[in-house]
Amino acid sequence: MARDCTEIEIGEDGQEVKRPPIYIPEALPTAQEALYENSINTGLNFDRYEHIPVNMSGANPPKPITAFSEAIENEHLLNVITRSGYTKPTPIQKHALPAILSGRDLMGCAQTGSGKTAAYLLPVVQKLMNDNDDALYGEPSQKPLCVVVAPTRELAIQIHREAYKCTIGTSIKINILYGGTSVSHQRAQLSAGTHILIGTPGRLADFLSRDWISMERLKFLVLDEADRLIDDGFIPKIREMASHSSTPTERQTLMFSATFKDEVQIVAAEFLRPDYLFLAVGMIGAANSDVAQVVLLVEKKDKKSKLTELLSDTENPDSRTIIFVETKKTADYLANFLSLTNNMTTSIHGDRFQAQREEALRDFRMGRMRVLVATSVASRGLDIKGVSHVINYDLPNDIDDYVHRVGRTGRVGHPGRATSFFNTETDRGIASDLVKVLKESQQEVPKWLEDEALGKSAYSFGETDDIRDPSEFNHDDFGAPAEDSNSAPAPEAALGDDGEDDW
Ligand SMILES: Nc1ncnc2c1ncn2[C@@H]1O[C@H](COP(=O)(O)OP(=O)(O)OP(=O)(O)O)[C@@H](O)[C@H]1O
Ligand SMILES: [Mg+2]
């Protein structure tokens, strides 16, 4: 059972005081079946993945695989693959698995919902098992062999669950560290030893700076949603980890995202060995082509009624909708409004207590709530069954954020729908990027939006994706289809929440 204490106290002046939560999250289920509940089967368009062009650059990339069995020989992992219902690898998996297994650093980019998590977890776990490192059997230590960093707590929780599927019943121990939760609980969990450690940057960096974990045995550093982690807010924490005196330089570094702006790639290269492989499935920064995107011109005062109209228009009563807003205040306000108007609504944002955030997501995942109002905290990585509609009640300022938000639907080949409210007072800045993204995914662009779209765009689709000079390495363009290429506890409050709840 999750526990959650002393979040609200009455202060000396009689007012309620918001205390840092000493939240102890629920443990993962021990029954394997429970881990596979609510997972997403492949959708109608899954086979279309085969036709997405793949570009791998960097010297001597290994040949892609066509079937999992060509790369994964570990019985336990093959079982996980079967149980997960994966009949064949997705394009990112076809290329990333052999790349990672052959020891290369990798920057991998592929559209939202196309299996990037398994693309790194399967080879990393297999390598750890094959290496048969003493660390797997000796005295429990707090020296992980693999650290996976994710920008939000809920994404870290999701990855932890996926990693657990791959390691349950083996000698590999996995742990999670994230803000908003009890530090002493996390330390106690770590005391049993850790081999794969998943976490958010603030909490991980804090544990490292207090010597509660050490990077000295690190073999793999994985940055999921790497471009976000390399962003201004998180980069000092990532540097603390990647460049910590205990962190071996001979580790393998793996980065994944659906978006990698050029400027981010430049900074990312600092953490990778110079001969890293750059893998792009489709266009970098493109929206998932299985999502039908519509942009509506809606004045601020009309947003609420338009939203009500859209929600009442949902054909399938079982389908779920995520509504993205820009501020925590709007999230609360809208969630209240929708709850009052008979929509089973919950909300997630950085001002909610961690226990509430997790409960909201659980309710939404289980279908107890049909509508989730969220800030950008929920824009990246979350893989939730049955999300058929994403609504940008407020558009984000950044096009990458748009691409990730839209990507909460249309997963593994399912068709999805995204509707965005465009307000001329606030959204002009994103217009030209939005037009590019819409065109790139063959969506209709309204004339009024074309007119708004003046100015420079962050991406120029169709140009070379890898920022490095191709003459530096043998360029290998795999083209499409991929297969054809054959080829002592501190106070709880003081710890690790920096940036993690700032959404
Ligand atoms: N080979 C496969 N066959 C079928 N389903 C798969 C396969 N690989 C992964 N999946 C499923 O696809 C879904 C999306 O995977 P995942 O969350 O890893 O996507 P992602 O590429 O990381 O997306 P995002 O960019 O949003 O983080 C998951 O439900 C996962 O179980
Ligand atoms: Mg992901």
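# A walk through the predicted model

Of the protein's 503 residues, 51% count as buried. The model is a predicted one. Its secondary structure comprises 16 helices and 19 strands.

Confidence comes next. The average pLDDT of the protein is 90, and 87% of the residues score at least 70. Two stretches fall short. Over residues 3-7 the pLDDT stays under 50. For those residues the model has ten contacts beyond four places in sequence. Residues 475-491 also have a pLDDT below 50. That stretch has 36 contacts in the model beyond near neighbours in sequence. Where pLDDT is low, the predicted coordinates should not be read in detail.

Now to the interior. Nonpolar side chains tend to be buried together in soluble globular proteins. Here the largest nonpolar core has 129 residues. Leu-106, Ile-198, Leu-279, Leu-372, Val-373 and Leu-434 have the most contacts inside it. Helix α4, residues 116-131, supplies the largest share of this core, with eight residues. Where does the core lie with respect to domain 1 and domain 2? Domain 1 (65-281) and domain 2 (291-453) both give residues to it, so the core lies between them.

Take Leu-434 from that core. Leaving out residues up to four places away in sequence, Leu-434 touches Val-295, Ile-399, Tyr-402 and Leu-449.

Leu-438 sits in helix α15, which spans residues 431-440. Is Leu-438 buried or exposed? Leu-438 has 21 other C-beta atoms within 10 Å, so this residue is buried; the cut-off for that is 20 or more. Neighbours within four places in sequence aside, Leu-438 is in contact with Gln-293, Gln-443 and Val-445. Leu-438 is also 8.6 Å from Ala-286, C-alpha to C-alpha, with their places 152 residues apart in sequence.

The ligand is the next stop. Ligand 1 is surrounded by 22 residues. The closest are Tyr-86, Thr-112, Gly-115, Lys-116 and Thr-117. Helix α4 gives the most to this shell, with three residues. By class, the shell has seven nonpolar, twelve polar and three charged residues. Why does ligand 1's shell lie between the two domains? Because domain 1 (65-281) and domain 2 (291-453) both give residues to the shell. Helix α4 thus appears in both places: it gives the largest share of the core, and it gives the most to the shell around ligand 1.

Helix α3 covers residues 91-101. This helix is mostly covered, with nine of its eleven residues buried. The buried ones are Pro-91, Ile-92, Gln-93, Lys-94, His-95, Ala-96, Leu-97, Ala-99 and Ile-100. What do the buried residues of α3 pack against? They pack against the strands β5 (54-57), β6 (106-109), β11 (252-257) and β12 (277-281), and against helix α4. After α3 comes Gly-103, with a positive phi near 90°.

Pro-91 of α3 also has a partner far off in sequence. Glu-50 and Pro-91 are 41 residues apart in sequence and 6.8 Å apart in space, C-alpha to C-alpha. Glu-50 lies in the loop between α1 (32-36) and β5. Glu-50 has 15 C-beta neighbours inside 10 Å, so this residue counts as partly exposed.

The loop between α4 and β7 (146-149) holds Asn-132. Asn-132 is not a glycine, although its phi is positive, at about 50°. Asn-132 has 10 other C-beta atoms within 10 Å, so this residue is exposed. Leu-136 is in the loop between α4 and β7 too. With 16 C-beta neighbours inside 10 Å, Leu-136 counts as partly exposed. Not counting residues up to four places away in sequence, Leu-136 touches Ser-171, Ile-172 and His-195. Leu-136 and Ile-172 are 36 residues apart in sequence and 6.2 Å apart in space, C-alpha to C-alpha.

One more loop residue closes the walk. Asp-211 is placed between α7 (201-209) and β10 (220-224), in the loop. Its phi is positive, near 60°, and Asp-211 is a residue other than glycine. Asp-211 has 9 C-beta neighbours inside 10 Å and counts as exposed.

Methods. Residues numbered from 1 in each chain as written. Chains lettered and ligands numbered in written order. Predicted model: local features only at pLDDT ≥ 70, side-chain atom pairs only at ≥ 80, totals over all residues. Core = buried A, V, L, I, M, F, W, Y, C linked by C-beta atoms within 7 Å. Buried ≥ 20, exposed ≤ 12 C-beta atoms within 10 Å, placed from the backbone. Helix = DSSP H or I, 4+ residues; strand = E, 2+ residues; numbered from the N terminus. Domains from an automatic or database assignment. Contact = placed C-beta atoms within 7 Å. Near = placed C-beta within 6 Å. Nonpolar A, V, L, I, M, F, W, Y, C, P; charged D, E, K, R; others polar. pLDDT = per-residue confidence, 0-100.
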